[in-house]
Amino acid sequence: MAEGIMLSRVADSLLWLSRYLERAEHTARLLDVNLALALEQSARPAEQRWSRLLDSLNTMLPAGATCDPYNITRRLTFDGKNPSSIINCISSARENARQVREQISSEMWEQINRFFLQVRQANIDTIWKRQPHEFFRTIKEGIHFFQGLTDSTLGHGEGWQFIQVGRYLERAMATAALLSVYYVKPDDAGADTSGQMPEYLEWVGLLKSCTAFEAYCRVYTADLRPDRIAEFLLLDPAFPHSVRFSVDMVQAALCAISDATGRHPGDRVNRLAGRLQATLRYGQIEEIMAGGLNDFLSGVTRQSIGVYDALYETYIAYPIDQALTS
Amino acid sequence: MPESVLSHPAFATYLLDATYDEMLAGDGSTRPQYDAIYRQLAALPADELRYHQQAADLSFLNQGITFTVYGQEEGTERIFPYDLVPRILTGAEWQTIERGLTQRITALNLFLKDIYGPGRALAEGIIPRDLVYSCRHYRREMRGLAVPRDIYTTVVGTDLVRVGDGRFLVLEDNLRVPSGVSYMLANRQVMKRVFPRLFGDYGVRPIDHYGQVLLAALRSLVPPGRTDPSIVLLTPGVFNSAYFEHTFLARQMGIPLVEGRDLLVHDNVVYMRTTAGLRRVDVIYRRVDDDFIDPVVFRPDSILGVPGLFNAYRLGNVALANAVGTGVADDKAVYAYMPALIRFYLGEDAVLENVETYVLWDEKQRGYVLENLDRLVVKAVGESGGYGMLIGPHSTAQQREEFRRAILANPRNYIAQPTLALSRAPCFLDGRFEARHIDLRPFILYGEKVTIVPGGLTRVALRRGSLVVNSSQGGGSKDTWVLYG
């Protein structure tokens with residue numbers, strides 16, 4: 001039997017397995033950073049900051065719930081009705097892993113299974129009473145552990161490449177969404193904040209939400225300037241949470257996949273990913289800011305969705321008659 | 001005079017009576033093959049054993065070696081309880097089992113070929129024609145269809161029980177989609193991890209090659225002329241109770257685990273949908289029942305199967321393991337005729353005897369059974385997994401009345417057997433050793449020849465006094481050691 005047959009359904013599950021974990025990690029990090037930040041005085045009213053966080057995650061509180069840290073944390077971590085809550089993401093990731101159990105390493109499966117069983121034991125009131133920080137660290141570490149096992153126990157073949165696509169596509173879109181809520185155009189913002197730039201702690205919060213604070217300082221020193229921060233998180237070629245880096249990884253993985261499956265390198269999915277990559281690779285921050293950062297970011301998001309759709313149509317749910325004639 | 005094991009405090013409540021005990025002879029001394037393990041276990045403090053037990057349980061849970069319980073909240077996963085004390089069979093005992101099962105499987109395949117072909121056994125009255133044709137799993141669609149190499153059953157799990165005099169009897173054959181082999185293999189892995197030295201010194205025959213033997217058996221079904229064939233395992237999906245086993249076997253064999261929605265049939269050829277396009281499939285080790293395998297031919301409401309699969313199969317473009325229609329021989333009324341069928345096809349007496357069985361559509365046998373419901377076990381002929389069963393001595397008057405009515409309404413659907421005293425084996429429960437009833441399901445692979453990896457799944461009825469070993473009914477399992485000597 002030929003090496004490396006990959007069922008379309010399996011590829012889809014591997015992609016979503018890692019996408020869900022990336023989402024859970026991102027949410028955990030945002031909550032952790034913002035809960036820590038809430039201890040400090042800030043120019044922005046706390047409520048605004050929390051609702052901005054919800055916006056960046058495309059989530060709303062249930063009707064009637066007050067916008068306070070407890071409710072938001074509950075909504076984003078344990079709420080079974082929120083499909084993107086951390087617990088639901090981890091559970092979905094495990095469910096996807098279970099469906100492709102024979103394709104991933106035993107180490108990976110055991111880690112995600114154990115991790116899920118452990119996280120399921122926790123609930124909002126116990127973590128709230130103790131240190132939520134401890135809990136979020138467990139989440140992040142559990143996911144990092146899984147990623148480490150993935151990289152070191154699974155062959156870096158086609159399946160691994162689909163895992164890469166899931167992780168980095170999610171990351172590119174999450175970072176873009178986060179940037180867009182921090183760089184609100186003055187006319188979009190409420191009257192009480194119009195024209196007001198968030199102060200130092202706000203920018204620390206943004207950078208830390210992308211684990212980028214230290215990395216940024218190493219490049220630009222601790223002089224926090226909004227355009228440099230945007231440049232770093234959007235265009236830096238070497239920082240693993242920048243949009244550019246993430247898109248590079250997606251593009252590389254897609255090339256490896258089209259090689260492995262004997263597809264034409266000029267397939268639609270590769271062209272779309274290549275175009276997005278070029279936009280980021282050759283973009284100038286001054287031009288981007290002048291043209292409107294938010295429009296640029298919506299473009300990135302739209303193109304990322306386009307890449308996923310094309311991938312889906314090429315590898316996962318392609319039309320049968322076409323496949324039979326080729 | 002050997003010291004009786006029963007004087008050991010950990011065996012204070014151990015039940016030893018006329019029922020065959022796997023470890024102890026009638027006088028309470030250990031049987032030779034259990035000597036060393038008894039000495040080891042008896043020397044370990046209960047805390048130590050408890051620690052090993054917990055380590056084993058956790059290992060099963062973390063590995064996700066679980067099964068799904070039906071009839072409860074969707075997705076309820078449980079571990080299959082594992083008992084630390086291995087069940088040990090001597091080389092001589094195994095030889096009889098191996099010989100008996102090989103004989104039985106050979107005869108069963110001849111029988112299946114016969115009933116879907118010339119029907120000699122029917123014509124000669126060895127088994128009533130009506131009985132065969134009224135089997136729930138008889139597939140008229142298989143009439144006149146030649147299966148590759150006349151092998152209908154690539155995998156069989158036959159349940160054996162041991163009775164008072166130490167003989168093994170066949171309790172039932174599972175020829176459709178027998179499960180449990182992954183527990184046999186996982187139990188061994190856990191055993192080696194928990195008691196490495198004990199295991200190493202014992203001279204236990206290995207079973208790890210099961211996956212390779214199964215793959216070779218599947219390969220022997222590849223349609224002629226196909227180079228670089230694809231072999232796949234078809235699972236009903238993640239909600240099936242044996243899903244763990246399906247993933248396990250697929251990984252052991254290195255073959256794709258597919259669901260019905262991954263496959264499609266075009267011009268009577270089966271394909272799977274891969275990221276590199278469609279790829280032809282040659283052999284399907286299917287873990288989906290006949291009923292669900294092709295909605296065009298069998299149950300139209302099935303979403304687990306592949307429309308058009310049966311026609312591709314008919315034309316020989318794809319092989320199925322096991323073949324369609326093997327469930328006839330699972331029927332417990334057909335089972336009653338096995339000794340006669342073995343004699344008919346092979347001219348030999350059965351090495352492993354059947355349990356005495358009353359076929360209830362026979363008026364005389366039915367009369368006897370209805371008068372003795374409180375002493376007999378009644379089983380529905382087409383059920384498995386411990387469902388649809390009346391255990392007379394443990395039943396209430398109301399349950400017996402329900403079965404009486406059910407039998408009279410449809411006598412063909414039931415058989416009865418005497419209540420067997422299944423052999424008991426020591427189990428470590430609540431810090432003590434207790435005797436519990438067990439059975440044995442070896443897995444018989446039929447490829448170029450019949451191969452049985454030395455061992456099987458020993459199932460345990462964990463509830464005191466219980467005779468039901470099925471996992472769905474509170475059963476557990478043990479590692480099964482077959483010794484060289």
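Helix axes that meet at an angle outside the ranges for roughly parallel (under 35 degrees), roughly antiparallel (over 145) and roughly perpendicular (65 to 115) count as oblique. Keep that in mind for a pair of helices in this predicted model.

The pair sits in chain B: helix H2 (residues 46-62) and helix H6 (residues 181-194) pack at an angle of about 140 degrees, with their axes 10 Å apart. H2(B) and H6(B) are therefore oblique to each other. Their crossing is right-handed. Which residues make the contact? H2(B) brings His52(B), Ala55(B), Ala56(B), Ser59(B) and Phe60(B), while H6(B) brings Val190(B), Arg193(B) and Val194(B). Sorted by class, that contact holds five nonpolar, two polar and one charged residues.

Chain B also has a hairpin, made by strands S18(B) and S19(B) with two residues between them. The strands run antiparallel, and six bridges join them. Here are the two side by side:

| Strand | Residues |
|---|---|
| S18 of chain B | residues 424-429 |
| S19 of chain B | residues 432-437 |

Arg424(B) stands opposite His437(B) of S19(B). In the turn, Asp430(B) has a positive phi of about 50 degrees.

Now for how the chains meet: 24 residues of chain A are in contact with 26 residues of chain B. On chain A's side, the elements giving two or more residues are helices H1 (8-37), H4 (86-99), H5 (106-121) and H16 (320-325). H5(A) supplies the largest share, four residues. By class, chain A's side divides into 11 nonpolar, six polar and seven charged residues.

Methods:
Residues numbered from 1 in each chain as written. Chains lettered and ligands numbered in written order. Predicted model: local features only at pLDDT ≥ 70, side-chain atom pairs only at ≥ 80, totals over all residues. Pairing = 2+ DSSP bridges. Axes fitted to C-alpha atoms, helices over the stretch in contact; angles between N-to-C directions. Left-handed = near helix turned anticlockwise from the far one by under 90°. Contact = placed C-beta atoms within 7 Å. Nonpolar A, V, L, I, M, F, W, Y, C, P; charged D, E, K, R; others polar.
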